[in-house]
Amino acid sequence: MKLTFGEKIRNLREDADMNQTELGKKLNMTQRKISYIECGKCEPNIDDIVAFCRYFKVSADFLLGIENECK
């Protein structure tokens, strides 16, 4: 089963033992925006994707679910 972008963010956040408010502060986003991204109500913009990648040290390909499609 493929995880959505939001599910991956939620898993990474929970693995880091953080709540949405804490992550939002680290990334200069509101708790509401983190919540909306995690539940799929809001699409992340490119700056959001870059921020998540840098903070969690993962690739955009991983977050977007395309890491194996180009091979």
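How many salt bridges does a search of the whole structure find? The search turns up 3. Bear in mind as you read that this is a predicted model. Here are my notes, point by point.

1. Let's start with Arg10 and Glu38, whose side chains form a salt bridge at 3.9 Å, N to O. Arg10 sits in helix α1 (residues 5-15) and Glu38 in helix α3 (residues 31-39), so this pair ties together parts that are 28 residues apart in sequence. The cut-off for a salt bridge is within 4 Å, and I'd keep that in mind when looking at the 3.9 Å of this pair.

2. Glu38 has a second partner: its side chain also meets that of Arg13 in a salt bridge, here at 2.6 Å, N to O. This pair again links distant parts of the chain, with Arg13 in helix α1 and Glu38 in helix α3, 25 residues apart.

3. Which of these three residues are buried, and which partly exposed? Glu38 counts as buried, at 5% relative accessibility. Arg13 counts as buried too, at 8%. Arg10 is partly exposed, with a relative accessible area of 27%. Buried here means under 20%, so the 27% of Arg10 puts that residue outside the class.

4. The remaining bridge to look at is Lys33 with Asp48, at 2.9 Å, N to O. Lys33 belongs to helix α3 and Asp48 to helix α4 (residues 46-56), so the pair ties together parts 15 residues apart in sequence. Lys33 counts as partly exposed, at 25% relative accessibility, while Asp48 is buried, with a relative accessible area of 6%. As for shared partners, salt bridges join Arg10, Arg13 and Glu38 into one network.

5. Now the helices themselves. How do α1 and α3 lie relative to each other? Their axes come within 6 Å and cross at roughly 125°. The two helices are therefore oblique to each other.

6. What does the contact between α1 and α3 consist of? On the α1 side there are Phe5, Gly6, Glu7, Ile9, Arg10 and Arg13, and these meet Ile37, Glu38 and Cys39 of α3. Sorted by class, the contact has 4 nonpolar, 1 polar and 4 charged residues. Arg10, Arg13 and Glu38 from the salt-bridge network are among the residues of this contact.

7. On to the rings: the structure holds 2 aromatic pairs. In one of them, Phe5 and Phe52 have ring centres 6.0 Å apart and planes at 70°, so the pair is edge-to-face. Phe5 is in helix α1 and Phe52 in helix α4, 47 residues apart, so to speak a link between distant parts of the chain. Both rings belong to buried residues: Phe5 has a relative accessible area of 14%, and Phe52 has 0%.

8. Tyr55 and Phe56 form an aromatic pair as well, edge-to-face, at 5.1 Å centre to centre with 85° between the planes. Tyr55 counts as partly exposed, at 32% relative accessibility, whereas Phe56 counts as buried, at 13%.

9. If you want places to click on in the viewer, I'd go for Glu38 and Phe5. Glu38 meets Arg10 and Arg13 in salt bridges. Phe5 pairs edge-to-face with Phe52 and is also listed among the α1 residues that meet α3.

Notes
Residues numbered from 1 in each chain as written. Predicted model: local features only at pLDDT ≥ 70, side-chain atom pairs only at ≥ 80, totals over all residues. Heavy atoms only, no water. Helix = DSSP H or I, 4+ residues; strand = E, 2+ residues; numbered from the N terminus. Buried < 20%, exposed > 50% of the residue type's maximum accessible area, 1.4 Å probe, protein only. Axes fitted to C-alpha atoms, helices over the stretch in contact; angles between N-to-C directions. Parallel < 35°, antiparallel > 145°, perpendicular 65-115°, else oblique. Contact = heavy atoms within 4.5 Å. Nonpolar A, V, L, I, M, F, W, Y, C, P; charged D, E, K, R; others polar. Phe/Tyr/Trp six-rings, centres within 6.5 Å; stacked < 30°, edge-to-face > 60°.
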